[in-house]
Every structure is written in structure tokens, then in C-alpha cells.
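Colleague: Could you walk me through how you put labels on things in a structure? I'd like to see the reasoning behind each term.

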Amino acid sequence: MKLHVSTGPHVLTREVTQTLMLDVLIALAPTTVAGVYLFGLRAAWVICVSVIAAMISEYVWQKLMKQKASIKDLSAIVTGLILGLNLPSGVPLWMAALASAIAIILVKQLFGGIGNNFMNPAMFGRAFLLASWPARMTSFFLPERLLGNSQAAFGVDMISGATPLVPQKLGITLDIPLSDLLLGNIPGSIGEVCKIAILIGLVYMLVVKVISWHIPVFFVGSVALLSWLLGNDPLIAILSGGVLFGAVFMATDYATNPMQKIGHIIFGIGCGTMVVVIRKWGNYPEGVTYAILFMNCLTPLIDRLSSRRVYGMVKNHV
Amino acid sequence: MSKFSFRGGIHPLHDTHEGKDLTRNKPVRAYASKIVTIPMDMHIGAPSNPIVKKGEQVLLGQVIAEAVGGIGIPVHASVSGTVTDVSAKIMMRKVPSMCITIENNGLDEWIPLNPLGSVESADSTKIIQAIKAAGICGMGGACFPTHIKMSPPPDKQVDIIILNGAECETYLTADFRLMLEQPQKVVDGLRIAMRAMNVKRGLIGIEDNKPEAIDAIKKAAAGRDDIEVCTLKTKYPQGGEKQLIKALINKEVPAGGLPADAGAVVLNVATAAAIRDAVVEGMPLINRITTVTGKVKEPDNLLLPIGTLVNEAVEACGGYSQEPGKIFFGGSMTGICAPNEEASVTKANNGLVVFNEKEAIIPPEDNCIRCSRCIYACPVYLNPYAMKKAFDMDKMDVLENKLNVKECILCGACSYICPSHQYLTPAFKDAKDIIAARRVSK
């Protein structure tokens with residue numbers, strides 16, 4: 001009889017990378033459905049192309065490099081889906097595919113695959129498009145089902161327009177009803193407009209404990225607080241752009257945020273502050289993408305500096 | 001009612017009630033082993049010195065090996081019969097252990113016993129000596145000689161004795177059955193220990209997944225103002241000495257210190273029962289309750305003579321129900337693997353678990369996804385993520401001086417919770433061994 005001998009533990013949790021990614025996909029489902037509903041079939045195409053491009057990029061790259069295929073962990077699908085939801089519905093499909101390939105190959109695989117990337121791949125893919133084709137990335141289709149007062153605000157004939165943040169930056173106050181902000185009756189990226197759907201996803205992820213509340217709360221909270229201090233409407237600040245989507249689905253990316261609770265808090269506040277700084281003093285009306293990428297780069301530093309007291313020790317070494 | 005708990009920790013096998021359902025309702029059954037192989041190095045401290053020879057007849061409870069050194073304890077015959085072998089064998093350690101093998105003649109002939117007296121009347125100055133003479137060591141798994149634990153350095157003021165009835169480890173129900181069936185023994189053991197150490201306060205901590213045991217112990221301790229029964233939250237490792245102290249009296253054992261530095265001594269409930277038997281009956285520690293479970297036909301709680309072989313313990317439970325792939329002593333979080341079926345039950349073995357081949361295989365490591373679960377789970381607030389990175393890069397100095405790996409209690413919580421199956425606890429065990437070996441060689 002041959003017996004295995006190993007150091008404990010001899011049992012492991014059933015929760016693996018794949019199940020965590022599946023939970024993220026489930027949390028993204030309401031946002032995806034809402035995005036397709038609001039922006040129509042065109043949005044579905046953008047999402048499909050970015051997801052499939054992400055999967056193919058990862059598979060082909062790992063085949064070429066003779067690495068173990070990790071397609072089953074679902075992380076490429078998550079990256080592709082988040083990227084797709086971050087694009088305007090009118091973006092050319094080849095741009096979606098290109099951004100996906102760059103996200104997976106340049107940001108994720110070249111740094112060692114899942115867990116080793118230092119920037120959020122989807123975020124970088126979007127930033128790449130934003131820097132390369134700024135006009136195409138900032139002209140948003142109005143939701144096909146745009147109803148009510150917003151129509152008057154944006155003009156009935158418009159087929160594309162800027163997010164509500166643009167007028168705000170120009171000092172124009174738009175009178176958009178709160179219900180439109182929450183339901184997504186405003187121009188924007190496919191996934192960022194419907195805040196209700198994002199909040200459902202957030203609640204799901206908190207309930208199944210995929211993420212903790214610290215980053216979303218401190219991110220959104222600091223945006224609201226700082227916007228208010230700068231004289232802007234805090235509700236518009238958090239509900240009109242990509243803050244909520246970024247805080248819930250992108251700043252919470254495990255690989256690119258700090259490990260400790262105190263690090264999560266610093267990271268959330270840092271993201272929120274950067275968003276407000278870029279919106280107020282930068283050239284862009286929106287700053288979520290660059291804010292998160294900036295804080296991604298600070299994550300190793302935050303990890304290095306954050307420590308906690310070890311049981312039985314008076315003071316912990318950094 | 002508020003429940004006592006600590007920060008961190010996990011809920012292993014939560015959906016199957018920690019695997020305890022298999023044996024929860026099985027009353028303790030005494031089993032007479034045909035043959036026992038008793039290692040001399042069961043306890044922490046110098047191995048005992050055999051004083052019997054091959055062919056000699058021994059009686060139940062007879063001293064067969066003397067204590068060596070200050071920390072050592074004697075070993076007693078756990079069956080009556082003939083000594084058939086005194087030799088070094090590979091048991092649970094990497095190096096061979098000196099073992100005494102006795103064949104049971106089935107007569108159960110005892111040596112004359114010399115009890116110290118009843119719970120109230122026993123001479124309190126002689127109790128600790130009686131505990132040493134009975135060969136008692138920590139029966140929760142660590143096997144640290146109890147008489148040493150109960151003799152803290154004179155500058156440390158111990159004002160509380162905590163009985164550990166948490167039994168947070170998966171699969172095990174040995175302590176549960178003991179508390180349920182013999183609660184008076186446990187409470188009496190605590191009272192004797194309190195008298196011996198002149199301590200006026202005793203706590204008994206039991207996890208809330210054992211309400212019947214809580215009731216039984218409460219009944220047994222009824223009317224005693226100096227003993228309090230505390231309900232603990234079911235969470236692993238609630239029964240870790242440091243976690244239990246934190247949970248019950250909200251104090252921390254200083255790094256590198258003893259529980260006595262926090263004013264407490266922690267004893268397992270089985271150890272308390274053994275103390276009672278040693279003092280009131282004069283009985284040495286020759287058997288213990290062991291949960292034999294997993295892939296055996298009739299999982300059971302057995303009262304086994306110390307030294308019972310794995311194959312005989314399994315046989316007592318109807319044999320294997322599936323081809324075994326792994327057999328370990330203890331629960332599935334910290335259990336120590338038996339290299340073969342000839343390993344034997346020691347004073348520390350509260351469980352013997354059989355896994356089939358499928359359960360035995362630990363999946364390979366995937367990439368760490370930095371999910372922070374290990375950090376949240378660590379009950380001593382370490383950073384397992386950073387520790388594993390340092391270990392993989394062979395940075396032992398960083399592990400020792402900056403990441404405090406020596407404070408790791410090897411509970412396995414981080415490894416259990418890791419979604420990418422990183423070998424965290426094994427790495428930290430290796431690191432601790434390497435650092436300890438370096439210190440010795442310096």
C-alpha cells in the first residue's frame with residue numbers, strides 16, 4: 001500500500017480562481033444586459049468582439065509560447081467583458097478587438113499571466129484607444145431608448161453626444177432627472193450608464209464575498225466629497241460618468257490593487273482623488289481610467305508601506 | 001448571548017459540518033488492541049529511556065520507560081502481556097524512534113494503583129508530581145508535558161486556567177464525546193489543576209457547534225462560582241492556544257512568550273480528564289479517545305490503548321471502505337500523515353482519518369491572483385502572500401526578521417482558503433525548520 005505523505009492542510013476550499021471569475025461574470029450580467037438594452041444590438045457586437053478577441057489572444061499566445069492554457073480560469077472573458085463595457089457603443093469593432101489583444105498580450109501575458117500584471121488589462125486597453133483615437137472614444141451614442149427630459153437636454157436629433165460631464169466641465173449645468181442617471185438614460189460607455197445594474201452587481205459580489213466594500217466605498221465617497229468641496233454636485237459627479245463602474249468592477253481587480261485592508265482604503269481614496277483632479281484640472285472631462293491606472297502603479301508602494309501588527313507583537317516592522 | 005471569538009480564521013468543510021457528522025453520535029467504545037508499539041518520543045522533550053527487556057512480562061500501567069531530563073515524562077504499559085520487541089522503528093518522524101512492542105495477553109492485569117485522594121482532599125503540593133508520574137502530556141495534539149506547563153517560571157503570575165474544549169479541527173469528535181459522556185471528569189480535572197496551581201478562576205471554552213457538550217459541562221460545573229463555561233463561535237483555529245486566550249480573556253500571548261505571560265495556562269479537556277484519573281484513581285495515561293473516521297466502514301470514537309497500530313484501529317472500525325490514499329493523525333487541517341500502517345496512536349492523537357486516493361491528492365499550484373484571502377484568514381495577522389513570495393525567492397532573512405514567520409502557528413488556514421492552491425503552510429513549515437536549523441548550527 002502506497003500512502004501519500006504531505007504537510008497539512010489536507011482539505012482545500014472549493015472556491016478556486018475559476019469560481020471567483022464566474023462570480024464576477026455573474027455580477028457583470030445585469031450591467032451587460034442593461035447596456036445591450038439601452039444601446040441596442042450594436043453594443044452587443046462590441047461586447048462580443050472584445051470578449052472573443054480576449055479569449056483568442058490568450059489562447060493563441062499561450063499556444064505560441066508553449067505555456068499551460070489558462071482559458072478555463074475565465075479571467076480572459078472577464079477582461080474582455082469589462083473592456084467591452086468600457087467602450088462607447090459606436091466604436092469600430094476592430095478597435096475593440098485591438099484593445100482586447102493589447103490588454104491580454106501586452107498587459108497580462110507579457111508580465112507572467114493572471115495575477116502578475118501590474119495594471120488592469122481592460123483599463124489599459126481602454127486607455128490605449130483613448131490616447132490613439134480620442135475623438136472616436138469620446139463620442140457616445142445616446143441610448144436608443146432615451147426617454148423623457150434628457151431628450152430635451154441633449155436635443156432630439158442628436159445621434160451622438162458627450163457624457164453629462166462635458167457640459168459640467170464647461171460650466172453648464174444640465175437638468176437631468178435622478179431617475180435617468182440611475183437607469184442609464186444618458187450618453188456614456190455601454191456599461192457605465194446604468195447605475196442600478198452596477199449596484200446589483202456590487203451587492204452580489206459583496207454577498208458572495210468576492211470583494212470587500214472598502215475600495216468601492218472609499219473610491220466613490222472621496223469623489224463625492226471632493227467634488228462637493230470643489231463646488232460641483234456630488235450626485236452628478238458619481239452618477240454621470242464611469243466612477244461607479246470603475247469603483248465596483250475595475251478598482252477591485254485583485255491583481256492590481258493592494259493586499260491589506262489599509263492598502264485598500266488608501267487605494268480607494270487615491271483613485272477618487274485622482275478622478276476629481278483630472279476632471280477639474282486635466283484636459284479630459286472624465287478621469288476614471290487614468291486614475292485607476294495611476295493607482296495601479298502605486299500599488300506595490302502601498303503594499304510595501306502598509307503593514308499590520310502581528311499577534312503578540314507590540315510593533316510590527318514595515 | 002455573545003459568543004467569544006478572535007479575528008481572522010476560516011470555516012473549513014462548513015457545508016458538511018466540519019466533517020464531524022460521521023462520528024458525532026457514536027458513543028465512545030473501548031477497544032483492546034492485540035499488539036501495541038509505543039514510541040518513546042511521543043512527547044516534546046528528551047525521549048524516555050526503556051527499562052524493560054524483550055520477553056519480559058508487564059502489567060497494565062507499569063512504567064516501561066523512565067523520564068529523561070527535566071521535561072521528560074515516563075511511559076507506561078498500555079496493555080498487559082509480553083514485551084516482544086524493544087527497537088528503533090520509523091514511526092511518525094523522519095528519524096527512527098525507539099519503540100517498545102507489547103503483545104496483549106488479554107488478562108487486563110493492573111499494577112497496584114496509588115491514588116492521591118479525591119478532588120478536594122488530594123495534597124495540592126503533590127499533584128504536579130503525580131501528573132508527571134502518570135506520563136501526562138498535552139492531549140490536544142502538541143504533547144507538551146503537562147507538569148512543565150503547570151509549573152510556570154516563578155516570576156509569571158497565572159491567575160486563570162482555560163480548558164480547551166473548542167475542538168475546532170475538522171472530523172474530530174473525541175473531545176466532544178468526552179465532554180458529553182464524562183463531563184464530571186473534565187470539571188474535576190480542572191478543579192484539581194486549579195488547586196495544584198493555586199488559581200482561583202477556571203474557564204471552559206466550547207464551540208457552539210457542540211451545544212450538547214456545553215449543556216453537559218454546564219451541568220457538571222453547576223454551583224461552582226470559580227468555573228465558567230464559555231460558548232465560542234465555531235471557527236478555525238478557535239482551539240489554537242493563542243486564539244483561545246485572545247477570544248476568552250482578550251489578552252495576547254507576547255511573541256516568543258508563554259501563555260503564562262498573559263496570566264493563563266491552557267489545557268485540553270482530555271488532558272484535564274487524564275489529570276483527574278491520575279490524581280483520583282492513580283491511573284497513568286495509557287489510553288485515549290481517538291476518532292477513527294473517513295474512509296473506514298464504521299467511523300467511530302474509540303478508547304484506544306496508546307501504541308495501537310493504524311491497521312488495528314482501522315480493523316476495529318470494520319476495515320477500509322475504500323482503497324486508502326492518505327492516512328493522518330489529527331484533523332484534516334493540521335493532521336500528520338502516517339508513512340505506513342504500522343504507525344501507532346500516541347498520547348496526542350485525537351483522530352485518525354483515512355482519505356481515499358482522490359481526496360489524498362493536493363492539486364498543483366496556480367498563479368497567485370492576489371485576492372488577499374490568506375491575509376484575512378491569518379489568525380496571527382501575518383502576511384502569507386508576502387511570506388510565500390519571500391520563500392520562493394529563498395529570502396530567509398526577510399522571512400525571519402521582517403515577515404515574522406516564526407510567529408506562524410502552522411494552522412493551515414491560509415493554504416485552505418487559497419483559490420490558487422498555493423502551498424503556503426508547507427512553505428512556512430519548511431522556512432521555520434530551516435531557520436531553526438540555522439540557529440542551531442550558528
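Colleague: Which residues in H4(B) meet residues in H7(B)?

Modeller: Keep in mind that we're looking at a predicted model. On the H4(B) side you have Lys185(B), Val186(B), Asp188(B), Gly189(B), Leu190(B), Ile192(B) and Ala193(B). They meet Val269(B), Ala272(B), Ala273(B), Ile275(B), Arg276(B), Val279(B) and Val280(B) in H7(B). Sorted by kind, the residues of this contact are 10 nonpolar, one polar and three charged.

Colleague: Why is H4(B) called roughly perpendicular to H7(B)?

Modeller: Look at the angle: the two helices pack at about 75°, with their axes 7 Å apart. Angles from 65 to 115 degrees count as roughly perpendicular, so that is the label for H4(B) and H7(B).

Colleague: And what makes H3(A) and H4(A) oblique to each other?

Modeller: Their axes cross at roughly 135° and come within 10 Å. Roughly perpendicular covers 65 to 115 degrees, and roughly antiparallel needs an angle over 145. The crossing at roughly 135° fits neither, and the pair is therefore oblique. The crossing is also right-handed.

Colleague: Which residues of H3(A) meet H4(A), and how do they divide by kind?

Modeller: From H3(A) come Ala76(A), Thr79(A), Gly80(A), Leu83(A) and Gly84(A). Their partners in H4(A) include Ala96(A), Ser100(A) and Lys108(A). The residues of this contact are six nonpolar, four polar and one charged. Gly counts as polar here, so Gly80(A) and Gly84(A) go into the polar group.

Colleague: How many residues does each chain bring to the contact between the chains?

Modeller: Chain A brings 31 residues and chain B brings 51. The chain A side divides into 15 nonpolar, 13 polar and three charged.

Colleague: Let's turn to sheets. What makes E11 and E12 of chain B edge strands?

Modeller: Each of them pairs on one side only. The open sheet runs E11-E10-E9-E12 in chain B, and its pairing is parallel. From one strand to the next, the twist averages 25°.

Colleague: How do you know that E9(B) and E12(B) pair?

Modeller: Two strands pair if there are at least two bridges between them. E9(B) and E12(B) have five, and they run parallel. Leu163(B), for one, stands opposite Leu267(B) in E12(B).

Colleague: Which helix packs on that sheet?

Modeller: H4 of chain B does, touching E9, E10, E11 and E12. Its direction makes about 155° with that of E9(B).

Colleague: What order do the strands take in the sheet that has six of them?

Modeller: The order is E1-E14-E13-E17-E15-E16 in chain B, an open sheet with mixed pairing. E1 and E16 are its edge strands.

Colleague: Why is the pairing called mixed?

Modeller: Check the neighbours of E14(B). E1(B) joins E14(B) by two bridges and runs parallel to it, while E13(B) and E14(B) pair in the antiparallel sense over six bridges. Both senses turn up, so the sheet is mixed. As for partners, Arg29(B) is matched with Leu302(B), and Ile289(B) stands opposite Leu303(B). A hairpin of five residues links E13(B) to E14(B).

Colleague: Why is E14(B) described as largely enclosed?

Modeller: Five of its six residues are buried, so the rest of the structure largely encloses E14(B). Helix H3 of chain B also lies across E13, E14 and E17, at about 125° to E13(B).

Colleague: What makes Glu167(B) buried?

Modeller: Buried takes 20 or more other C-beta atoms within 10 Å. Glu167(B) has 32, so it earns the word. This residue sits in the loop between E9 and H3 of chain B, and its phi is near 45°, a positive value in a residue other than glycine.

Colleague: Is Glu18(B) buried or exposed?

Modeller: Buried: Glu18(B) has 25 other C-beta atoms within 10 Å, and the cut-off is 20. Its phi is positive too, near 60°, and its place is in the segment before E1 of chain B.

Colleague: Where are the cis peptide bonds joining Gly8(A) to Pro9(A) and Tyr236(B) to Pro237(B)?

Modeller: Pro9(A) is in the segment before H1 of chain A, and omega of that bond is about 0°. Pro237(B) is in the loop between E11 and H6 of chain B, with omega near -5°.

Conventions:
Residues numbered from 1 in each chain as written. Chains lettered and ligands numbered in written order. Predicted model: local features only at pLDDT ≥ 70, side-chain atom pairs only at ≥ 80, totals over all residues. Helix = DSSP H or I, 4+ residues; strand = E, 2+ residues; numbered from the N terminus. Axes fitted to C-alpha atoms, helices over the stretch in contact; angles between N-to-C directions. Contact = placed C-beta atoms within 7 Å. Parallel < 35°, antiparallel > 145°, perpendicular 65-115°, else oblique. Left-handed = near helix turned anticlockwise from the far one by under 90°. Buried ≥ 20, exposed ≤ 12 C-beta atoms within 10 Å, placed from the backbone.
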